[in-house]
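I sat down with this complex to see how its chains are built and where they touch. These are my notes, in the order in which I looked things up.

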Amino acid sequence: MEDAKKLKRLVKSVWVFNWFNSCGFTEILPVVGSRWDMERFGMIPVASPRHADCLIIAGYQTEKSIRRAQRIYRQMPKPAVVIGLGSCSMSGGMYWDSYNTIKRLSDYIPVDLYIPGCPPRPEAILKGIMSIFREVEDHA
Amino acid sequence: MISTGMGSWSPLVFLICVAFISVVVQIIRSLGEGGFRKEEDKAEAFFSGGRLLIKNRVMDVYWGFFDAMGRYYGWMKRMHNGIVNDYVYWFVLLVTVVIGVVILL
Amino acid sequence: MIMKVLLAMVVPVAGILIGLLYKGIDRILAARMQGRVGPPLVQPLRDVRKLLVKENIVPDDAVGWLFSSMPFVALVSVMAILLYLPLGITPVLEGYGDLILVLYLLIIPSLALVLGGFASSSPYASVGGQREMVKMMSYEFPLAIAVISVAWLLYSSGAENVFSLSVISGTHVWGLAGIPGLAGLAVIFLCMLFVIPGELGRIPFDVSEADSEIAGGIFAEYSGRNLALFYLADAVKAVAIASLAVALFLPYTVSGIFGLGGAAAPAADFLFHLLKVFFVLFVSSTVVRVVTGRLAISRVVSVYWKYPVILSFLGLLLIMGGTLI
Amino acid sequence: MHEKEIAGKIGRKTGMKVDITRKRRMSVRTDSRGLREFCVCAKELGFGHLSAVSVTDFIGEGEYEILYFLWSYQDGLALTVKTRIGREEPSIDSVSDIWGEAQIHERELHELFGVEFVGNADLSELFLEGWNQTPPFRKDFDWREYVRSRYYRNEGRERGYFEVEK
């Protein structure tokens with residue numbers, strides 16, 4: 001079954017593995033919570049990369065944490081989606097000149113979607129995820 | 001057909017049904033994707049991104065029991081204090097209780 | 001005879017669909033109770049379809065055959081239970097199995113979970129497996145007392161072949177032993193409702209699949225179709241246990257009241273049975289799941305060995321009192 | 001208030017001059033050899049809690065100043081013990097056997113400043129994995145140059161992020 005059809009099924013029930021270690025976590029909580037409720041779209045947070053289809057990497061990543069994140073990405077069953085949350089994953093954000101944080105996430109992990117913002121509001125996160133849904137619908 | 005006075009069970013029918021159900025479940029299972037593409041450390045155990053230094057040993061299994069049932073082990077250990085005449089008292093007590101029940105009912 | 005064989009084929013598969021339906025309703029109601037919108041009704045079916053499409057990863061140092069066969073065994077044994085349970089109509093395998101067999105069959109899915117957990121080489125899974133074993137030990141005790149007290153009540157009121165489920169679901173248990181018996185049965189029904197979330201691993205007792213503590217617990221290493229089979233096994237197990245509780249305590253049928261004859265009677269009974277099962281599941285697992293938080297494993301043991309055991313002994317004494325007077 | 005009384009007690013016991021910076025804050029300056037026995041006496045006098053160990057890099061004077069922030073529950077007083085050691089081969093005796101919590105602080109300072117704490121159980125790397133440059137918190141570590149060469153070396157722009165008007 002080629003990837004497009006697989007993605008169509010995957011989009012209907014996206015299980016999210018959250019790799020937050022900074023501001024991103026405080027923004028994903030309301031998305032899981034009652035007001036923005038991502039479960040409406042069949043998305044639930046899961047605890048192990050084996051169950052996950054979408055890896056959300058929020059906030060800056062240090063040299064040490066990016067190695068773990070790479071290993072987590074490799075341990076996820078494919079097809080999987082990676083979302084870089086916040087300007088820290090795009091350009092290092094306010095840590096642009098720090099000796100310890102990585103500057104661009106896609107040098108280390110193939111990223112499918114960047115959501116800008118420091119940190120991005122829940123509406124921005126949902127809008128980003130909706131764009132993945134729309135893109136998969138158009139392709140299939 | 002095995003039947004004790006109170007209940008009955010026929011293993012043959014049970015096995016036939018289980019065989020049929022396993023055919024159904026195998027159909028469901030075959031709908032799914034069987035294997036996976038091997039990658040660098042994709043098939044290693046998930047340990048929050050770290051590497052598992054100590055392999056999973058069977059002897060760690062009992063940790064769960066002692067940890068969860070700690071209070072009951074402690075209570076029982078206190079009972080088995082090794083003093084023989086305590087054991088004898090327990091034995092005598094139990095025998096009287098059993099005889100009492102047998103005589104009463 | 002043909003009807004029985006046909007039913008034996010249809011009922012397990014229907015059990016899966018009903019189980020997924022209940023999971024969907026359960027998630028929507030839980031969400032509404034938290035002020036959320038909640039997923040669409042068919043979300044569990046979508047989850048299963050998605051899981052079937054994903055890669056099925058088997059860890060390197062896992063025991064391969066055991067790791068992959070345990071989900072299979074779990075789902076088969078749970079679907080086999082449905083054949084012995086009276087789903088409103090007389091049980092499909094009417095004379096071929098009884099209550100004790102159902103109790104044993106209820107243990108096999110949990111055992112499959114534990115073995116699956118140990119077979120996958122992850123430390124999270126082995127901790128989850130230990131917790132599941134300890135949890136199994138703790139909730140079997142009140143469950144056994146509840147079942148035996150109902151059987152004892154039937155036996156003392158003169159029914160023979162007491163453990164066969166058609167006899168149990170045939171007699172109206174509540175009125176048999178007068179007022180104290182009624183109170184005793186109410187207490188024991190409460191214990192049964194208390195055991196159901198433990199057996200299903202729902203929130204107050206989901207110590208073996210605790211997401212936040214041990215990263216998915218027993219399911220930490222399962223993915224793809226193995227996880228889909230466990231997902232289905234969990235859905236069907238909910239239906240199986242709830243219909244066991246309904247068979248023991250709420251064996252009323254509707255067809256008598258509406259005076260339906262012929263083919264309509266079993267259909268009406270079956271639907272009414274589904275309604276009762278939904279009521280039992282809603283009260284015992286959905287409401288409890290939304291209201292409480294997860295218990296630590298040592299608390300689970302003491303909670304199950306303290307309150308339900310005393311309650312069911314009390315219920316048993318009340319029933320004994322009822323029958324003697 | 002009773003700071004003077006405690007300061008006097010410390011002075012008598014250890015012979016060090018304790019100056020009171022402000023209400024309930026005292027500081028003592030010792031040399032690195034006499035540090036350990038001063039700490040033992042301070043602990044006996046009730047300073048049972050070590051909140052932090054920190055290092056200040058005086059690059060002008062070529063010295064590190066190591067500060068131990070102690071707190072005494074009985075008297076509700078804070079005492080800061082300051083010592084000076086050379087900047088080139090910085091090494092000092094560890095106090096992790098007097099206060100257990102000092103171990104992790106010293107490990108961090110070893111990683112970030114390169115101070116060698118003799119007698120500390122474990123000085124392995126803490127935050128920076130595989131770091132072979134000079135310890136990053138030292139003032140003579142040029143972190144801008146390091147970041148440019150490590151992360152921005154393939155930036156096509158001729159004027160990089162770093163042209164800061166001096």
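**Confidence.** I began with chain C of this predicted model, which averages a pLDDT (the predictor's confidence in each residue, from 0 to 100) of 87, with 100% of the residues scoring at least 70. I then went through the elements of chain C, taking helices (H or I, at least four residues) and strands (E, at least two) as DSSP runs numbered from the N terminus. Helix α2 (residues 43–53) of chain C has the highest mean pLDDT, 93, and helix α10 (residues 255–258) of chain C the lowest, 72. A reminder to myself: where pLDDT is low, the predicted coordinates should not be read in detail. I also noted an ipTM of 0.83 and a pTM of 0.88 for the model.

**Ground rules.** Residues are numbered from 1 along each chain as its sequence is written, and chains are lettered from A and ligands numbered from 1 in the order in which they are written. Since this is a predicted model, local features need pLDDT of at least 70 and side-chain atom pairs count only at pLDDT 80 or more, while totals for chains, interfaces and linings use all residues.

**Who touches whom.** I counted two residues as in contact if their C-beta atoms, placed from the backbone, lie within 7 Å. Four pairs of chains touch, and chains B and C share the most contacts. Between them, 37 residues of chain B meet 49 residues of chain C. On the chain B side, β2 (8–9), α1 (11–31) and α2 (61–68) each give two or more residues, and α1(B) gives the most, 11. I sorted that side by class, with Ala, Val, Leu, Ile, Met, Phe, Trp, Tyr, Cys and Pro as nonpolar, Asp, Glu, Lys and Arg as charged, and the others, Gly among them, as polar. The side of chain B that touches chain C has 20 nonpolar, 11 polar and six charged residues.

Next came chains A and C, where the contact takes 18 residues from chain A and 27 residues from chain C. Helix α1 (residues 3–12) of chain A supplies the largest share of the chain A side, four residues. By class, that side has five nonpolar, five polar and eight charged residues.

Chain D has no contact with chain B, and their closest C-alpha atoms lie 13 Å apart. No contact joins chain D to chain C either, with the closest C-alpha atoms 24 Å apart.

**Cores.** Which residues touch the most other members of the largest nonpolar core? In this core of 153 residues, they are A:L55 and C:M192. Such a core is a set of buried Ala, Val, Leu, Ile, Met, Phe, Trp, Tyr and Cys residues joined through C-beta atoms within 7 Å; buried is 20 or more other C-beta atoms within 10 Å of a residue's own, exposed 12 or fewer, partly exposed in between, with C-beta atoms placed from the backbone. Helix α9 (residues 225–249) of chain C gives the most to this core, 20 residues. Leaving aside neighbours within four places in sequence, C:M192 is in contact with C:A146, C:A245, C:L248 and C:F249. Another core, of 25 residues, lies apart from the largest one and includes D:I6, D:A42, D:L50 and D:V95.

**The chain D sheet.** I read an open sheet of five strands in the order β1-β2-β5-β4-β3 with mixed pairing in chain D; two strands pair if DSSP finds at least two bridges between them. β1 (18–22) and β3 (49–58) of chain D are the edges, each with a single partner strand, so one side of each has no neighbour in the sheet.

- β1(D) is hardly covered, with zero buried residues among its five.
- β1(D) and β2(D) pair antiparallel over four bridges, and D:I20 stands opposite D:M26.
- In the two-residue turn of this hairpin, D:R24 has a positive phi of about 65°.
- β2 (residues 25–29) and β5 (residues 77–86) of chain D run parallel, joined by five bridges, with D:R25 opposite D:A78.
- β3(D) and β4(D) run antiparallel over nine bridges, and D:V55 has D:I66 as its bridge partner.
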